[in-house]
Structure formats: C-alpha cells, structure tokens
Amino acid sequence: MTRYDSEIIPFLDLEPPSSVDRREFLRFLGGGVVVTFSAADLLALQATSRRRSFQELPDDFNAFLRIGEDGRVTCFTGKIEMGQGAFTSLAQMLADELEVSLDAVDMTMGDTDLCPWDMGTFGSMTTRFFGPPLRAAAAEAREVLIELAAERLEVPTDQLAVTNGVVYDTTDDNRKVSYSELTGGKKIARRLGRKAVLESVSDFTIVGQPLNRRDAVDKVTGSARYAGDIRRPGMLHARILRPPAHGARLVDADTTAVEGVEGAEVVHQGDLVAVLHEQPDIAERALQLVKARFATPKADVDNETIFDHLLEVAPPGETVSRGGNLDQGNQAAVSSVSRTYLDGYVAHAPIETHTALAEIADGKLTIWASTQRPFGLKAEAAEELGLPEDKVRVIPPFVGGGFGGKTANRQAIEAATLAKLTGKPVQVAWTRAEEFFFDTFRPAAVVKIDAGINDSARIAFWDYGTYFAGERGSEQFYDIPHHKTVAYSSSWRGTPGSHPFATGAWRAPGNNTNTFARESHIDILAAEAGMDPVEFRLHNLKDKRMQRVIQTAAERFGWTSAPSPSGRGHGVACGIDAGTYVAVMADVDVDETTGRVDVTRVVCAQDMGLVINPEGATTQVEGCIMMGLGYALAEEVRFTGGQILDTNFDTYEIPRFSWLPEIDTVLIDAQDSPPQGGGEPATIGVGAMIANAVFDAVGARVLRMPMTPKRIRQAVEEARQGPGSSRHG
Amino acid sequence: MMSLAALGGTDYHGACINREIIMKNTIRFSVNGRPTTVQVDEDRVLLWVLRTELGLTGTKYGCGEGLCGSCTVLVEGEAVHSCQHPMKKVARKDVMTIEGLANNGDLHPLQTAFVEHDALQCGFCTPGMVLRAYSLLLSNPEPTRQEVIDHMENNLCRCGAHTRILRAIQTAADEMAEGVRS
C-alpha cells in the first residue's frame with residue numbers, strides 16, 4: 001500500500017469537477033507568461049503509476065504561474081494558508097526557480113475562480129506533492145523567458161543567465177533585459193512539459209534559508225482578514241437553533257417572540273430555525289426567545305464505555321502488513337507482553353471557529369469561508385443549492401487554524417442556504433459551543449498489541465490490532481521477523497454506528513494513537529529485556545534513516561544509557577509520518593501525589609528531506625510538540641450519548657504558556673532527498689514519549705491517553721501494588 | 001435600530017428571558033485616540049461593537065466567555081476581555097485595539113518582535129497576544145520570564161507558537177528598556 005492510498009484517497013470523498021471551462025482563467029490573467037499543469041502531470045512528476053482512483057481527476061490545469069507584464073510573479077494555488085506557512089514556502093520555491101526576489105512573488109490562494117482545482121490543504125502534502133510541479137512550472141517559465149531574451153539580445157540561450165529578474169549576457173553584463181521588458185505586450189501560455197530542468201539544490205539562494213513569514217505584518221497589525229472579517233453591504237449575522245445532542249430531532253419551535261426584536265429576521269424551514277440580525281450578539285439574544293422542543297434519543301454510550309462499544313461493533317480487520325509466521329515467532333520468544341491501549345476523542349479546537357459569509361448576486365453564489373477544502377466546498381454548495389458549479393465561487397481568506405477540522409464545511413453550507421432563503425448576504429460564525437458540537441473529532445480508539453523478545457533482546461514477534469484510529473502510522477518499521485498489523489476500520493471516519501458523532505482527520509490522523517501504542521509497547525519490551533530504551537530501539541532497527549534520527553536526537557538530548565525505570569524521567573519515541581522520520585525525547589517531572597506531569601524539555605530530530613524554509617519547519621515542529629502535550633496530557637471530549645459535555649475551554653483544556661517545555665529542534669540535513677511533510681510528523685510521538693518518561697521516572701505505566709493526573713495516580717498506585725499488577729491492563 | 005424589545009419567553013434550554021425594553025444609549029469613548037460616539041444598548045459587549053459597528057475586525061471572537069484571550073483589548077491601559085466587557089463600562093474611557101498599536105504605520109517594538117521571531121502561525125490569537133503583552137510591559141517594563149508566562153497564561157494559542165511569543169515579548173521588553181525604539 002502506498003502513501004497515496006493511505007493518505008490521499010481517504011480525503012477523496014468528493015468528486016472533482018467534471019468539466020469547467022478553464023479558458024475562463026486566461027481571461028482573468030491578462031498578459032504575460034502563464035504556465036499551467038494538471039493533476040495528472042503532478043502525479044507523473046511524483047513517478048507514481050496512475051492509480052484507478054485518480055483517473056477521475058480533471059486532466060486540465062492544476063496550478064497557475066504567471067509572470068505579469070510588470071515582471072511580478074503570481075502563484076495561483078488551490079492551497080490555503082492556515083498557519084502552516086505555505087504562503088511563504090511556496091513563494092520561496094518560485095522565487096528560487098525563477099531567480100527573482102521574494103518580494104516580486106504574489107500568492108493567490110484557494111480562490112476557486114482564480115486558482116485551479118485542488119483537493120485541499122491537509123496531509124502535509126503541499127510541499128511534498130504541490131512543490132515539485134510548482135518548481136517545474138517555474139523552471140518552464142524561466143525557459144520561456146530565456147528564449148525571449150535570446151531573441152531580444154540576439155545571443156544563444158546558453159550564453160544567458162538570470163539574476164533578480166534580469167536576464168543578461170554572461171559575456172557582457174551590460175547586455176541585459178528584465179522579465180517585465182520581456183513579458184510586456186506578450187500573452188504566452190505554456191502547459192508544463194514534464195522534463196523541465198530543475199535548478200539543483202546547490203543553486204538555491206532562497207530555498208533552505210530561514211525566512212520570517214510573509215503574512216506576519218498583516219497578522220500583528222490586525223489587518224489580516226479572516227472569514228469573519230469580511231463585510232458585504234446589507235449583510236446579516238445568523239444564529240441557528242441547535243439540538244441538545246447529536247441524533248436529537250426538532251419536535252416544534254415557536255419563534256413568535258422574536259418578532260418583537262427590531263431588525264430580527266426568522267428563517268424556519270423544516271429543521272432549520274435561524275434568527276438573523278445586523279448585529280451578531282443581538283441575533284444571539286433573539287435566538288434565546290425561540291421556544292423549541294427536541295426529542296433526544298436515550299444515551300447508550302459515554303466517554304468511559306466507548307471503548308467496549310467500539311470493540312463490539314468493530315468491522316472485520318484488514319491486514320495492513322504481515323511477514324513471517326506469528327506462531328513461530330511466539331515460540332522463539334522468551335518473554336512476551338500483551339497490552340491494550342486506549343485513546344479518547346480529541347477536538348481540533350482552532351481558535352477561529354468555523355465561519356463563512358455567503359452572498360448571492362446576479363445568480364452567482366460567493367462564499368468567503370474558513371475552509372481547508374475550498375474546491376470541495378464549491379461542489380458541496382453547488383449541489384446543496386442546486387446551482388451549476390460555475391455559479392459558485394469560494395474565496396478562503398486567511399484561515400485561523402485548521403488541523404484537519406476545517407476539511408468539513410457545514411458552516412458554509414448553512415450560510416449559503418440562509419443567503420438563498422433571505423436574499424441577503426449572511427454570515428454564520430459558530431460559537432465555541434457549536435465548534436465543539438459539530439467538530440469532526442479525532443476518533444476514540446483501541447490498540448491491542450501482543451509482542452515478545454528472544455534471548456538476545458530482539459523482538460521475535462509483533463501482533464498489532466488497531467481499532468478505529470485509522471491505519472496511518474500503524475505499520476511498524478522495526479526489524480521483526482514475524483509480524484502482523486491489522487486495522488479494524490482503517491478510516492478515521494469509523495463505520496456506521498461506531499461513533500456517536502462525526503469523526504475525522506486530526507493533525508497526523510491515526511498516527512498519534514498508533515505511535516502512542518507502538519512506542520509505549522517498544523519501551524515495555526525494552527524493560528523486559530532490561531535494556532536502555534534507545535539502545536533497544538537501535539538494536540532492533542535496520543532502517544538507516546530511523547537509526548540516524550534517533551542517534552541525532554540522543555546526541556542533542558545528551559541521552560545516557562540506563563534501563564527504565566531509572567528515576568530520571570527520560571522518555572523516547574520515534575515514528576514516520578507524511579514521509580518524514582522523527583524522534584522525540586523528553587525530560588519530565590512527575591508528582592506522584594497529585595499525578596501532575598511537567599514536561600520540562602523536549603528534543604526533536606526530524607529528517608524531512610530538503611527543507612524549504614528551516615524557520616517555518618522549526619516553527620511547525622514546535623507547534624506539533626505543544627499541540628501534542630494537549631492530547632497526551634489533558635484533551636478528551638466528554639460526552640453522554642450524542643450530548644457533548646465540553647462546550648468551551650474551561651473544561652476542555654488546551655496547552656498554555658506554563659506548559660511550555662524547552663524545545664530543541666534538529667532538522668537533519670537531507671538536501672538530496674525530496675521535501676517531505678512538516679506540519680504533522682513531530683506531534684506523533686509526544687504521547688509515547690511522555691508515557692515512557694513517566695515510566696522511567698516512577699515505574700508506572702499509563703496505557704490510556706490523555707494521561708490525566710487521575711490516571712497517573714492510578715498507574716502509580718498499580719505500580720506500588722507490585723510488578724505484574726498492570727501487566728494485562 | 002439597536003433596541004431589543006424582548007417580550008419575554010423561554011429559550012430552548014428553559015432559561016427565562018426578562019421582560020424588559022432595552023433602550024439605545026449614547027456612549028462616548030475614545031478608540032485608538034479617536035473620540036467616538038455610538039448609539040447602542042449599553043449592555044452589549046465591546047467586542048461586537050468594535051467588530052460590527054466600528055469595523056475594527058482585528059479584535060477576534062474565540063470563545064465568548066473570557067476563556068481564550070483572542071478578544072483582548074486595552075481599556076485605560078488595562079487588558080480586558082472585550083467579549084465580557086459591556087459598553088456601559090467603556091463610557092468616557094480610552095480603548096485601544098490592535099489597530100491602534102502601530103504609530104502611523106511604524107510597528108510597535110512588540111509587533112516587530114512578533115514578526116522577527118515568527119511568533120505566530122495562523123495569526124488568529126495574535127492581536128490578543130500582542131495587546132496582552134503590551135499591557136504587561138506598560139506596568140512592568142522588565143518582566144522576568146516567569147512573570148511573562150504568568151501574565152500570558154490565559155491567552156490561548158492552538159498552533160503552538162508559545163516559545164516564540166515568549167521570546168518576542170522578552171526581545172521587545174529589552175529593546176524598549178534600552179530605548180532603541182519606543
């Protein structure tokens with residue numbers, strides 16, 4: 001199974017547009033040199049066979065690059081900027097290939113009328129899969145410009161070079177011509193040829209340099225626009241009547257009291273009851289006047305009973321990978337350990353709640369939305385409102401955090417529906433309670449592992465079953481002769497009847513849960529062998545890249561050999577995500593009385609191939625570590641049936657300044673390998689790193705995330721009751 | 001336009017709405033040094049008046065309950081949660097929002113430090129972070145790291161820019177103390 005199967009296909013629920021007249025784009029673009037490429041080209045550049053699933057992808061433009069008549073470069077990409085830094089890193093790639101200054105590059109992101117189809121911004125795919133064709137397109141454009149310059153200067157192309165957007169004759173620097181002089185009055189469109197010669201890494205002047213974010217000034221002055229900041233004449237703010245629980249049905253609603261509120265409009269159509277007003281807070285107050293009754297189904301599962309429920313309803317397993325023979329491995333083992341690991345539901349909780357503004361003018365619907373999938377939303381809105389796709393335009397302004405949660409577009413469909421029903425522009429901005437209610441949580445999951453070691457501290461067999469986490473990150477990478485990995489529900493969306501509400505992709509989906517289980521279990525085996533956890537890993541690894549990231553982290557951390565529990569509170573975990581290899585190490589303090597865990601220091605070593613923007617990549621690692629502390633130590637959505645009990649940050653705790661450990665990031669220099677994902681990998685090991693550090697500190701093993709103070713105290717208590725008491729937890 | 005003439009009723013969770021006629025009030029205050037008059041119900045909170053009456057959208061809604069700090073603004077130099085701050089409490093007061101921090105386009109040292117330290121990702125919590133930090137430096141120009149952490153504790157950042165935000169605040173404090181920029 002390839003990464004394309006496991007990462008991309010789960011997102012392709014939506015059908016790509018069948019036929020959209022791409023020539024329309026050219027009308028927008030005016031003069032200059034334009035390069036296009038298609039989704040098919042993109043996959044070809046990745047040297048991947050075209051899989052059946054991708055034959056539905058549109059075989060037309062997938063990205064645009066323009067060098068305008070003023071010499072400025074514009075990148076048109078369906079990707080969006082939600083904090084991950086593509087606004088900066090894609091511009092860096094373009095600037096390098098075209099040999100222009102970074103200031104000469106403009107980014108147009110996610111606008112479905114201006115940018116060609118894109119499946120969405122997720123899966124750490126922007127740099128990996130969009131980067132190479134973008135670079136190739138830039139190289140193509142450069143070739144066109146050089147050819148134009150050769151004509152103009154009357155010299156052969158191989159005698160020309162480019163600096164800062166000026167082509168010059170290498171035998172006489174005074175003979176030169178700028179890009180703007182070359183593109184002026186021209187209208188040249190080129191489709192990307194696949195053999196464009198890319199600049200080699202050593203020629204890069206901007207890629208690989210640490211750069212500050214290009215959107216930073218707008219963001220520190222308050223002038224950066226998010227979906228909720230867009231204003232249209234005559235717009236109304238909507239507040240929508242919500243059910244008390246998922247699965248609850250509206251019995252009746254009496255909205256007559258709202259009539260007394262000046263300026264308030266009511267929409268009541270079927271189950272949709274909304275109050276609209278020019279002021280969002282007055283709409284909210286008016287909504288409180290609605291009398292409604294709901295029929296709520298009896299709750300049959302909650303955040304404690306969910307794990308038994310999931311095991312009961314689990315679909316038949318699908319083998320992710322296997323090798324050797326488990327029985328044979330079992331016989332070779334001198335010691336074996338079986339454990340069950342649990343992980344609760346986790347919310348995305350971006351600080352910007354799902355927000356959208358929809359306007360219908362002259363038969364065309366425009367939606368400004370906080371979304372990670374603008375083209376998906378375009379198709380969904382067209383279907384919902386019965387419009388042809390070319391009558392829908394989605395414009396994503398800056399997105400205030402996504403983490404996978406803004407791949408779901410419910411708020412935008414609500415805004416579009418209300419715009420149609422009222423005939424006015426309508427903004428829907430979810431309250432924090434609505435955000436917690438409609439979030440597509442990271443799924444609760446169970447992982448069962450049975451594994452053993454032989455008499456030379458080698459892992460003899462590995463029997464791994466993952467239930468509902470998703471299969472990403474489930475495959476083990478150690479040198480184990482007899483192994484089997486089975487996924488029961490390979491998707492993070494679950495199966496019908498499994499989860500009481502929607503679940504979805506959460507930063508490094510599947511991998512956080514799987515890495516917590518795998519790396520906890522590896523440490524348990526190391527302890528069985530009486531061996532230092534880092535040494536045990538290296539002893540059982542053949543993969544050179546993984547060995548290198550572990551060794552790099554250990555060196556920076558100052559890891560010294562000692563079997564756990566050593567009393568020091570040191571923990572390690574490693575894993576692979578989005579093509580990137582990562583090892584993390586932590587130093588923790590555990591208060592055995594309160595159960596409080598304080599992570600004081602984290603080292604992360606990461607091999608992510610060629611690093612486009614080291615500053616951006618380091619920032620992503622730090623974000624991953626911080627976000628990881630949340631899911632590892634505190635974050636868990638509490639619920640009774642379809643009722644979500646956490647409605648705000650008072651009970652749902654996310655990491656704060658006081659949690660901040662010292663974070664030391666090492667990006668391994670791997671310039672010769674292609675760039676890999678950076679927005680997600682560093683978060684996958686945080687759970688196991690802390691669980692292992694807790695065990696190292698106090699000899700207590702926690703098998704369930706989040707590792708709340710209560711669960712730590714329980715584990716400490718079990719450890720005190722004697723070895724073996726938690727052996728089959 | 002702003003009056004809410006509630007007729008009394010029951011919401012869908014069963015809480016009673018008081019029967020009351022809320023009048024428009026004239027409230028005069030200063031926003032970013034500019035004298036401002038609004039005609040609004042005095043119980044409305046500052047956040048929405050800033051965002052929808054005055055068009056100052058740099059102040060963000062994050063939680064609506066004073067739990068995340070995204071809506072932080074300064075009233076008389078004190079950081080407050082504008083989502084919890086009724087208009088009647090800003091009458092005749094000076095309000096500063098993120099739009100008022102830069103001086104004629106020149107970034108404040110805190111803003112410059114946030115840019116230079118990459119102390120933001122999605123940027124949504126950033127205005128609140130900057131203003132919360134600004135309120136600290138007004139009262140304590142040379143804070144210790146622990147004092148910065150304590151002061152910033154209730155401003156939430158989901159992207160995890162914490163380490164850089166602390167660095168940026170420290171840098172700005174140092175520069176302001178040295179009088180490099182003011």
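The following exercises, each with a worked solution, concern a predicted model.

**Exercise 1.** Determine whether Ala553(A) is buried or exposed, and state which residues Ala553(A) touches beyond four places away in sequence.

*Solution.* Begin by placing the residue, since Ala553(A) belongs to helix H16 of chain A, which covers residues 544-557. Next, take the count of 27 other C-beta atoms within 10 Å of Ala553(A) and set it against the cut-off of 20 or more for a buried residue; Ala553(A) is therefore buried. Then list the contacts, which, leaving out residues up to four places away in sequence, are Ala583(A), Val584(A), Met585(A), Val603(A), Cys604(A), Ala605(A) and Val666(A). Finally, consider one of these partners, Ala605(A), which is 52 residues from Ala553(A) in sequence and yet 5.0 Å away in space, C-alpha to C-alpha.

**Exercise 2.** Check what span helix H14 of chain A should have at 1.5 Å a residue, and find how many of the residues of H14(A) are buried.

*Solution.* The helix runs over residues 511-529, and its 19 residues should span 27 Å at 1.5 Å a residue. The end C-alpha atoms lie 26 Å apart, which agrees with that expectation. Turning to burial, 18 of the 19 residues of H14(A) are buried, so the helix is largely enclosed by the rest of the structure. After H14(A) comes Gly530(A), which has a positive phi, near 65°.

**Exercise 3.** Describe how many residues each chain gives to the contact between chain A and chain B.

*Solution.* Chain A contributes 59 residues and chain B contributes 56 residues. On the side of chain A that touches chain B, the elements giving two or more residues are helices H7, H8 and H17 and strand E13. Of these, H17(A) gives the most, with 8 residues. By class, this side of chain A has 29 nonpolar, 16 polar and 14 charged residues.

Note on methods: Residues numbered from 1 in each chain as written. Chains lettered and ligands numbered in written order. Predicted model: local features only at pLDDT ≥ 70, side-chain atom pairs only at ≥ 80, totals over all residues. Helix = DSSP H or I, 4+ residues; strand = E, 2+ residues; numbered from the N terminus. Buried ≥ 20, exposed ≤ 12 C-beta atoms within 10 Å, placed from the backbone. Contact = placed C-beta atoms within 7 Å. Expected span 1.5 Å × (residues − 1). Nonpolar A, V, L, I, M, F, W, Y, C, P; charged D, E, K, R; others polar.
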